[in-house]
Amino acid sequence: MAEADRDDLISIIADDEPDADIPGILPLMPVRDIVVFADMLLPLFVGREKSVRAVEEAVEKEGFLFMATQKDPAIENPHADEIFRTGTVGRVLRMLRLPDGGIKILVQGFSRARIINYVRKRSMYRVKIELLAEQTVEKVSLEIEALMRNVREQCEKILVLRGEMNGEIITVLQSVEDPGKLADLVASNLRLKIEDSQKLLEATDPLKRLRSVNDLLSHEAELSVVQAKIQSEVKDEISKNQRDYFLREQVRAIYRELGEQDDKALEVGEYNKKIKRARMPKTARQEALRQLKRLEQMHPESAESTVVRTYLDWLVEMPWSKSSKDSLDIKKAKAVLDKDHYGLNRVKDRILEYLSVRKLNAAMKGPILCFVGPPGVGKTSLGKSIARALKRKFVRISLGGIRDEAEIRGHRRTYIGALPGRILQGLKQCGTNNPVFMMDEIDKLGADFRGDPSSALLEALDPEQNSDFSDHFLNLPFDLSKVIFILTANTTDSIPSALLDRMEVITLSGYAEDEKITIAYKYLLARQIKENGLKPRQLSLSPGAMRQIISQYTFEAGLRNLEREIGTICRKAARRIAEGEKKPFRITRGNLHKFLGIARYIPEMDQEKSQVGLATGLAWTQAGGEVLYVEASLIDGKGELIVTGQLGDVMQESARAAVTYARSSLEPDEKKKRNFENLDIHIHVPAGAIPKDGPSAGIAMATALISAVTGNAVRNDVAMTGEVTLRGRVLPIGGLKEKALGALRAGIRAIIFPAKNKKDLTEIPPNVKRRIRFIPVQNMQQVLEHALDKAQPS
């Protein structure tokens, strides 16, 4: 200790008498986790600002301080109602200032006291107190003496059980003759709850206090006996385990002398055989043998041995060198793909290209494909068909909602119940290292404090890295380069760009009506007849009825709802057959409503005739293409633009650009006729409850607005898609095929689209081109020529 620090150690009451008068108003120091009793001498560390001020004020005067326990020790700055009102007047005997600003004091309790009221509360607590008079015991009766002896004996018993017994403590206990002081001495050294200690402090009757202490001692003695018993049992268990270990070693030695093997040796030998059969890479084999050596040296019932066994089981069961032999017959593979799916030529060509290259180069790495399209277009079933065409095993996992990185990379073996990630689990289940591995819903991955699964997938889906994929559980490189990874998504917007860059994206746009009819007759109807227990001759659907189901009972890019409706018809027919009807059911347009009810969708356009200020746009959603109606009106006002329909930022900017173009493109006479400073422009896109956003509604908004200004109606059989600039140029868009299919479902006969999207016409099925006229445009003037019906002025 430095010299300056030694000067801080002050003797406060060296010259004072211990029975000095106690003032009626004292500084209050709240204490926590302890109740201070009279005649108790204890050191305290004081760090709270109010408490430090209270100690300093006490030292400046006679050294007296009132100490009361706070009710909740977790509270840093307790209020008056959070402190017990009964406490102990103490005196500071020593004080030492600490470098951190706190102080250490040695304090002695003098007398019980109760708070009458608080004199000061802000910078520190100062309270007015009244001393609690201790009831005196005039004569120690035989009962009191027996009670005091019982308290002393129970104290000695507890100290013996705890191993804290010494002669000095016995001397102190025997020297106290006053019942109240004995009760306080024992209570201050017992490990009591704050509530129990506070009750003892508030009791002024020494005999009542001593009886309470005796009861608490009895309970503490029982606890100490149980605790000592538990410790003894633990010690005996440890001794038993050591004894069992030595006995097992002796048994092992006896087996060796007899030329036989024990269970542990048999287990180690079995693992050795499995390691050889697994044909692991050198690194994995070395690690397996190292872990096996550890297992051999462990106690067979230890927790660590279970972890090692689990690890070895995974190592020997992983398909390190097991591969299924590919079917490289291109014609057979094409036949399988054509049998399972109608159309989807781009996907089929990509798989057949892979097979062709694989036939020429056996060391080729597996492709990483991503099928993107609306629900129900056959993404998952296509993966199964690819596995069947290649004669490979098929593994599927769903990534939707996964937020934990360990689901991909696995848990480290330090955690209880640790397992490898979903990728290695799938490979173990299929038993080969080159399956078709499908990961569904890649666009619905989450991320939180447990990590980002999409980042963990970067290594698995990178052809340059996945030959040495490392899982946290195995902690060994595993070759994933032979796996064909197929991922599915409804949209690429939510897929991180780094992950998207590693995949070959193939878009499945959806099906036209003619394609749906073909698929329904070729696949869906036969499957539903079989699943519902019918025979093909018992149910038939006419082409007209099938077309009506597609156009009036479903509105989708895929086939799920179509199959559900066909299933509904089959179930109703199955019920009637089960009730006794024997005649075959033929479903036609005339009786279709008896099976499916009234039509839910009207295939004709919502607009019965061309209208002023109403244009038809096209939008692309996760469910495919849809028509989007844009309404524009001019009303008296102050020249403001009103945009409604829950439009996103991009569409609102398109609306402003459309307004600017419309105003700048008007003829001078029209501008004079329409004073825009006194007109509000209102653009609305139904339905208002659905949020909408995207960059392709600009020309539809401009057309609707110019129609409202000029009074020329917009043709109801024309839909349009494209973004507009302030100078009237029409910019290219995406998803033309999906939008065209959506327009066909809505009964549109002509589509105006950006001229720069003419290259996308090659992807549109020929039957769609026959039924819809595609009009390429470069500027708004061309749009208006085709969209406005100038023969019908308002």
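1. How far apart are the end C-alpha atoms of helix 10, and what should its 15 residues span at 1.5 Å a residue? In this predicted model, the end C-alpha atoms of helix 10 are 22 Å apart, which agrees with the 21 Å that 15 residues should span at 1.5 Å each. Among the residues of helix 10 that are buried are Ser 305, Val 308, Arg 309 and Tyr 311, and the list continues with Leu 312, Trp 314, Leu 315 and Val 316. A reader looking at this pattern may keep in mind that an α-helix has 3.6 residues a turn, so residues three or four places apart point the same way.

2. Before going further, a word on confidence. The mean pLDDT of the chain is 82, and 90% of its residues reach 70 or more. Residues 1-19, however, have a pLDDT below 50, although the model gives this stretch 27 contacts beyond near neighbours in sequence. Where pLDDT is low, the predicted coordinates should not be read in detail.

3. Aromatic pairs number 8 in the structure, and one of them involves helix 10. The rings of Tyr 311 and Phe 473 have centres 6.0 Å apart and planes at 65°, so this pair is edge-to-face. Tyr 311 belongs to helix 10 (residues 303-317), whereas Phe 473 sits in the loop between strand 11 (469-470) and strand 12 (477-478), so the pair ties together parts that are 162 residues apart in sequence. Both Tyr 311 and Phe 473 are buried.

4. A further pair brings together Trp 320 and Phe 478, whose ring centres are 5.1 Å apart and whose planes meet at 50°, so the pair is tilted. Trp 320 lies in the loop between helix 10 and helix 11 (330-340) and Phe 478 in strand 12, so this pair ties together parts that are 158 residues apart in sequence. Trp 320 counts as buried at 10% relative accessibility, and Phe 478 is also buried, with a relative accessible area of 1%.

5. The surroundings of Tyr 311 deserve a second look. Ring pairs link Tyr 311 with Trp 314 and Phe 473 into a cluster, and Arg 413 lies over the face of Tyr 311, at 3.9 Å from the ring centre. A similar kind of placement can be looked up elsewhere in the chain, where Lys 50 lies over the face of Tyr 125, at 4.4 Å from the ring centre.

6. Turning to the N-terminal strands, the pairing of strand 5 (86-97) and its neighbours can be followed step by step. Strand 4 (64-69) and strand 5 run antiparallel and are joined by 4 bridges, with Met 67 standing opposite Thr 88 in strand 5. On strand 6 (103-120), the residue opposite Thr 88 is Arg 112, and strands 5 and 6 pair in the antiparallel sense over 11 bridges. These two strands form a hairpin with 5 residues between them, and Gly 101 in the turn has a positive phi of about 95°. Of the 12 residues of strand 5, 10 are buried, so this strand is largely enclosed by the rest of the structure.

7. The pairing continues from strand 6 to strand 7 (125-131), again in the antiparallel sense, here over 6 bridges. A hairpin through 4 residues joins these two strands, and Arg 120 has Arg 126 in strand 7 as its bridge partner. Strand 7 also pairs with strand 2 (25-31), in the antiparallel sense and over 4 bridges, and in that pairing Ile 25 stands opposite Lys 128.

8. Helix 2 (residues 49-60) is to be read together with these strands. With 12 residues, helix 2 reaches 17 Å from its first C-alpha to its last, close to the 16 Å expected at 1.5 Å a residue. Its buried residues are Ser 51, Val 52, Ala 54, Val 55, Glu 57, Ala 58 and Val 59, and they pack against several strands, including strand 3 (41-46), strand 5 and strand 6.

9. A last point concerns Gly 510, which lies in the loop between strand 14 (504-507) and helix 18 (513-531). Gly 510 has a relative accessible area of 11%, under the 20% cut-off, and so it is buried. Leaving aside residues up to four places away in sequence, Gly 510 touches Val 377, Glu 515, Ala 557 and Leu 741. The C-alpha atoms of Gly 510 and Leu 741 are separated by 7.6 Å, while the two residues are 231 residues apart along the chain.

Conventions:
Residues numbered from 1 in each chain as written. Predicted model: local features only at pLDDT ≥ 70, side-chain atom pairs only at ≥ 80, totals over all residues. Heavy atoms only, no water. Expected span 1.5 Å × (residues − 1). Buried < 20%, exposed > 50% of the residue type's maximum accessible area, 1.4 Å probe, protein only. Contact = heavy atoms within 4.5 Å. Phe/Tyr/Trp six-rings, centres within 6.5 Å; stacked < 30°, edge-to-face > 60°. Lys NZ or Arg CZ within 6 Å of the ring centre and 35° of its normal. Pairing = 2+ DSSP bridges. pLDDT = per-residue confidence, 0-100.
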